[in-house]
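Trainee: I would like a close look at a single part of this protein. Please take the disulfides, and go on from there to the strands around them.

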Amino acid sequence: MERKATLPLFFLSLAAIFLSLSSALDHQTLLLNPLPTPPTTLSWTDTVSESETAQLDPNSPSATTTPTPNTLSVQLHHIDAVALNKTPTQLFNLRLQRDAFRVKTLTSLAAASPNRTTRGGGRVPVRGFSSSVVSGLSQGSGEYFTRLGVGTPPRYVYMVLDTGSDVVWLQCAPCRRCYKQSDPIFDPRKSRSFATIPCGSPLCRKLDSPSCNSKKTCLYQVSYGDGSFTFGEFSTETLTFRGTKVGRVAIGCGHDNEGLFVGAAGLLGLGRGKLSFPALTGSLFNRKFSYCLVDRSASSKPSSVVFGDSAVSRTARFTPLIANPKLDTFYYVELIGLSVGGTRVPGITASLFKLDRAGNGGVILDSGTSVTRLTRPAYNALRDAFRAGTSGLKRGPQFSLFDTCFDLSGKTEVKVPTVVLHFRNADVSLPAANYLIPVDSSGSFCFAFAGTMGGLSIIGNIQQQGFRVVYDLAGSRVGFSPRGCA
């Protein structure tokens, strides 16, 4: 009789353990850190000896047999490091302003995709190397920046890294109109490796709408949805990523540049188009790259971008890339649902994020958007589920674009329901710090998602923090590696 009595107790204990583990997976503890204070210095190593330099040429017949250079990891710096006399709250507000410009740009490009007038594209990933990334220099131009050398001898400049653009371009002297940048403007006349691209060449024909000048030189123009643009000669040049030189990269040498690019010299396009950096250097780097964007307050861990086979993490969970027949730049993925607290949110189905045949709707991954935007019905359902799971927390007033905020002043940690993004074949469970973020220095925290009335949904970089995000263009897939920044 005693033995029979112990069996139910045994199963009850197992059930209690299971429920405890399930609760631990459905909820997580958020340590309440304030808005980060920016670092006081910004340092880069610009010079590398010739003996440490590897020379790569994506247009060489032997490119496919070029030895893979060693992977380089360089310290990350973000925009806040170059923002003078700004408080953490001011920096955060500037970030939200940049974000609004960014979303407007992407939405405009997607909406105008059937009749695109952008002329240009270009970017260059390199197999087996990584470069430092700086997050956010100025409004509208993207959040993450690197420092690289242009020309021979190399002149070092800041360049935006942007998965939402294709063309590689920078400001060039002589300037008809140029905006203010941190470094001297690049002068191609002082570079031994600069070469213009002739009209009618295969590279020139890859531009959406190529044009020519009286010297039969190929001209490019790229216009962005916020009114920014760059115009000049389409050319080839050597780019130096610390010890790795990549020769004959197709770049736009802009003599007429206007818009919201202040600070950086230009843009390194990491988009999916045929003139992007990964596409043009596919023979070198197998059309693979990845980045890791650390929490902006985690100054001890560097962010990096890696190009080549070494960019692919073994622990990444992959989801297929899908094609927009009207726009080849963006990285479209299939989001099929979301969960809060271990339960699928009712009403959020794949149909809310469907990319139709006309190129409308869909979900893109973007390095330059901060806050994830979801179509309004999906966002409302997600927000309501999160509010229900945090009913024990004191609500606070709305803040900027955030309509779900909490007054957590006086607390050091709270428990919150786990949020999971369900992509096709890949479930991505977000750390709590990726969706409940500080918005001031007084203990206010907000749910870091927002709704949009447009059809395009965007997975932003706040939600990507701490993951190594792998872009395997050869395999037409994107992967997420948790704790991939270690």
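Mentor: What follows takes the disulfides one at a time, then the sheet that holds one of them, and then two other places in the chain. The model is predicted, and everything below is computed from it.

The count comes to five disulfides, among them the three described here. One joins Cys172 to Cys253, with an S to S distance of 2.0 Å. Cys172 sits in the loop between β7 (169–171) and β8 (195–196), while Cys253 belongs to strand β12 (residues 244–258), so this disulfide ties together parts that are 81 residues apart in sequence. The torsion about the S-S bond is -120 degrees, and the link of Cys172 and Cys253 is left-handed. Cys172 and Cys253 are buried.

Another disulfide joins Cys175 to Cys178, with 1.8 Å from S to S. The link of Cys175 and Cys178 is left-handed too, with -75 degrees about the S-S bond. Are these cysteines buried or exposed? Cys175 has a relative accessible area of 33% and therefore counts as partly exposed. Cys178, with a relative accessible area of 28%, is likewise partly exposed.

The disulfide between Cys405 and Cys446 has an S to S distance of 2.0 Å. Its torsion about the S-S bond is about 100 degrees, so the link of Cys405 and Cys446 is right-handed. Cys405 is in strand β23 (residues 405–407) and Cys446 in strand β28 (residues 444–447), and the pair links distant parts of the chain, 41 residues apart. Cys405 and Cys446 are both buried.

The strands that carry this last pair also pair with each other. Three bridges join β23 to β28, and these strands run antiparallel. Cys446 in β28 is the bridge partner of Cys405, and a disulfide joins Cys405 to Cys446 as well. In general, strands of a sheet pair through backbone hydrogen bonds, either parallel or antiparallel. Here four strands form an open sheet with antiparallel pairing, in the order β22-β23-β28-β27. The edges are β22 (395–396) and β27 (436–438); each has a single partner strand, so one side of each is left without a neighbour in the sheet. Helix α6 (residues 376–389) packs on this sheet and touches β22, β23, β27 and β28. The direction of helix α6 makes about 135 degrees with that of β28.

Next comes another set of strands. Strand β16 (residues 317–322) is joined by four bridges to strand β32 (residues 477–481), and the two run antiparallel. In this pairing Thr319 stands opposite Val478 of β32. Two bridges join β16 to strand β17 (residues 331–333), again antiparallel. There Leu321 stands opposite Val333 of β17.

The remaining place is Thr240, in strand β11 (residues 229–241). Why does Thr240 count as buried? Its relative accessibility is 2%, and the cut-off for buried is under 20%. Leaving aside neighbours within four places in sequence, Thr240 is in contact with Leu148, Gly149, Pro154, Tyr156 and Lys245. Gly149 is 91 residues from Thr240 along the chain, and their C-alpha atoms are separated by 4.6 Å. With Lys245 there is a polar contact between side chains, at 3.2 Å.

Methods
Residues are numbered from 1 along each chain as its sequence is written. This is a predicted model: local features need pLDDT of at least 70, side-chain atom pairs count only at pLDDT 80 or more; totals for chains, interfaces and linings use all residues. Side-chain values use heavy atoms; hydrogens and water are left out. Buried means under 20% relative accessible area, exposed over 50%, partly exposed in between (1.4 Å probe, protein chains only). Contact means heavy atoms within 4.5 Å. A polar contact is a pair of N or O atoms within 3.5 Å; within protein, one must be able to donate a hydrogen and the other to accept it, and residues adjacent in sequence count only if both atoms are side-chain atoms. A disulfide is a pair of cysteine sulfur atoms within 2.5 Å. Two strands pair if DSSP finds at least two bridges between them. Axes are lines fitted to C-alpha atoms, for helices over the stretch in contact, and angles run from 0 to 180 degrees between N-to-C directions.
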